[in-house]
Amino acid sequence: MDLDLAPDPLLVVPGPSQIPPRVMKALMRVVDHRSPHFHRLYRDVVDGLKYVFRTNGDVYPITASGTGAVETMVLNFVKSGDTVLVPVFGSFSRRLVNHLRRVGAEVVEIDYGWDRAPTYEDLRARVESMGIKQIDVFATVYNDTSPGLVFRDLPKVAKWVKSYGALVLVDNVSALGGDYFEVDSWGIDVAVSSSQKCLAAPPVMSFIAVSSSEAYRKAESVNHPSIYFDIKLMRKFGEKFETPFTPAVNYLFAIREALV
Ligand SMILES: Cc1ncc(COP(=O)(O)O)c(C=O)c1O
């Protein structure tokens with residue numbers, strides 16, 4: 001088959017999703033990322049994302065696929081030796097466990113197989129029966145894309161793990177903008193997502209929302225070797241409506257259009 005001549009197939013996978021022509025058209029623009037034009041673009045994108053994440057906190061765009069945002073979340077908000085509770089109910093939760101182990105976290109996995117999402121009652125009962133007394137971080141996927149399971153009890157669980165003083169970190173790469181999700185009112189400290197799924201924008205950008213002062217305090221106390229994925233740099237540059245490094249400017253134009 002000559003791919004140059006074949007019509008693009010209709011995309012019916014979780015992502016990349018079908019992109020409206022007006023969003024594709026918006027890709028054809030680039031401005032200097034240290035200029036007032038970019039500052040305006042950055043503000044528009046971040047304001048739109050805050051609305052979608054349902055947060056009055058901060059949102060930072062990252063030029064990387066969803067995995068880059070998950071990595072940013074784990075590197076900056078988890079310390080080596082932290083006890084991290086993770087419900088595992090599909091391959092993206094399994095991947096999250098791998099990210100966490102790489103930074104030296106003591107991961108407590110609660111396994112649900114691939115046919116049911118965690119529930120508040122079950123998770124709590126299993127944690128209590130294991131005699132777990134310390135949870136520094138609760139990390140989870142919201143919609144595990146591989147089995148297609150949504151963790152509906154996340155708001156209840158977030159409230160409960162706060163009684164341990166845990167930070168709540170959520171990978172919502174595949175459902176942001178496509179299902180209910182509320183960073184602030186659900187008590188989520190940090191959440192990540194990306195451009196190519198429910199937002200129906202082109203792949204390559206991801207986003208991290210940071211809603212609490214506890215999260216920023218934790219980030220101050222974590223040492224990690226990454227410059228590209230450093231939340232402190234993202235915050236410093238975000239204050240002047242810029243990114244620390246050259247972002248995919250044209251993709252941000254497309255994301256702005258997708259958020260309209
Ligand atoms: C829940 C979830 N997390 C993380 C990822 C990784 O995202 P990406 O492929 O954009 O790096 C995906 C991708 O499908 C996903 O569905």
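These legends go with a set of views of one protein, a predicted model.

**Figure 1. The whole chain, before we zoom in.**
The fold is built from 10 helices and 9 strands. Laid along its principal axes, the C-alpha trace covers about 60 × 45 × 30 Å. The radius of gyration is 18 Å, which agrees with the value near 18 Å for a compact globule of 260 residues. Buried residues account for 53% of the 260. As for how the chain meets itself, 69% of the contacts with a separation of 6 or more join residues 24 or more positions apart.

**Figure 2. The outside of the protein, in terms of surface and charge.**
About 12300 Å² is exposed, and carbon and sulfur atoms supply 53% of that area. On the charge side, there are 29 positive and 30 negative charges, and their mean positions sit 4 Å apart.

**Figure 3. Inside the largest nonpolar core, with Phe181 in the middle of the view.**
This core counts 86 residues, and the ones touching the most other members are Phe53, Phe77, Leu100, Phe181 and Ile208. Helix 2, running over residues 36-53, is the biggest giver to this core, with 8 residues. Once neighbours within four places in sequence are set aside, Phe181 still has plenty to look at: its contacts include the aromatic residues Phe53, Tyr142 and Trp186. Val52, Leu154, Val170, Leu176, Ile188 and Ala191 are also in contact with Phe181. So are Arg54 and Asn172, which complete the list.

**Figure 4. His33 and Thr246, two loop residues that touch.**
His33 sits in the loop between helix 1 (21-26) and helix 2. Thr246 belongs to another stretch, the loop between helix 9 (231-238) and helix 10 (249-258). Which of the two is buried and which is exposed? His33 has 16% relative accessibility, so it counts as buried, while Thr246 has a relative accessible area of 55% and is exposed. Leaving out residues up to four places away in sequence, His33 touches Phe38, Glu242, Phe245, Thr246, Pro247 and Val249. With the same kind of neighbours set aside, Thr246 is in contact with His33 and Thr63. For a sense of scale, the C-alpha atoms of Thr246 and Leu176 are 25 Å apart, with their positions 70 residues apart along the chain.

**Figure 5. Strand 3, seen at Glu106 and at Ile110.**
Both residues lie in strand 3, which spans residues 106-111. How exposed or buried is each of them? Ile110 counts as buried because its relative accessibility is 2%, under the 20% cut-off. Glu106 is partly exposed, with a relative accessible area of 49%. Beyond four places in sequence, Ile110 touches Leu85, Val86, Pro87 and Val88, along with Leu123, Arg126, Val127 and Met130. Glu106, with neighbours within four places left aside, is in contact with Gly81, Asp82, Thr83 and Val84. If you want yardsticks, the C-alpha atoms of Glu106 and Tyr120 are 22 Å apart at a sequence distance of 14 residues. Those of Ile110 and Cys198 are 28 Å apart at a sequence distance of 88 residues.

**Figure 6. Ala200 and Val204, two positive phi angles in one loop.**
What should you check in the loop between strand 8 (190-194) and strand 9 (205-210), where Ala200 lies? Look at the backbone: phi of Ala200 is near 55°, a positive value in a residue other than glycine. Val204 is found in the loop between strand 8 and strand 9 too, and phi of Val204 is near 135°, again positive without being glycine. Most residues other than glycine have a negative phi, so values like these are worth a glance. Ala200 counts as buried, with 17% relative accessibility. Val204 comes out as partly exposed, at 29%.

**Figure 7. Glu220, out on helix 8.**
Glu220 is part of helix 8, which covers residues 213-221. Buried or exposed? With 55% relative accessibility, Glu220 counts as exposed, since the cut-off is over 50%. Glu220 and Asn172 are 48 residues apart in sequence, and their C-alpha atoms are 24 Å apart in space. Asn172 itself is one of the contacts of Phe181, back in the view of the core.

Note on methods:
Residues numbered from 1 in each chain as written. Predicted model: local features only at pLDDT ≥ 70, side-chain atom pairs only at ≥ 80, totals over all residues. Heavy atoms only, no water. Helix = DSSP H or I, 4+ residues; strand = E, 2+ residues; numbered from the N terminus. Rg over C-alpha atoms; globule rule 2.2 N^0.38 Å. Buried < 20%, exposed > 50% of the residue type's maximum accessible area, 1.4 Å probe, protein only. Contact = heavy atoms within 4.5 Å. Areas by Shrake-Rupley, 256 points an atom, 1.4 Å probe, with all protein chains shown as cover. Lys, Arg positive; Asp, Glu negative; His and termini not counted. Charge placed at Lys NZ, Arg CZ, Asp CG, Glu CD. Core = buried A, V, L, I, M, F, W, Y, C linked by side-chain atoms within 4.5 Å.
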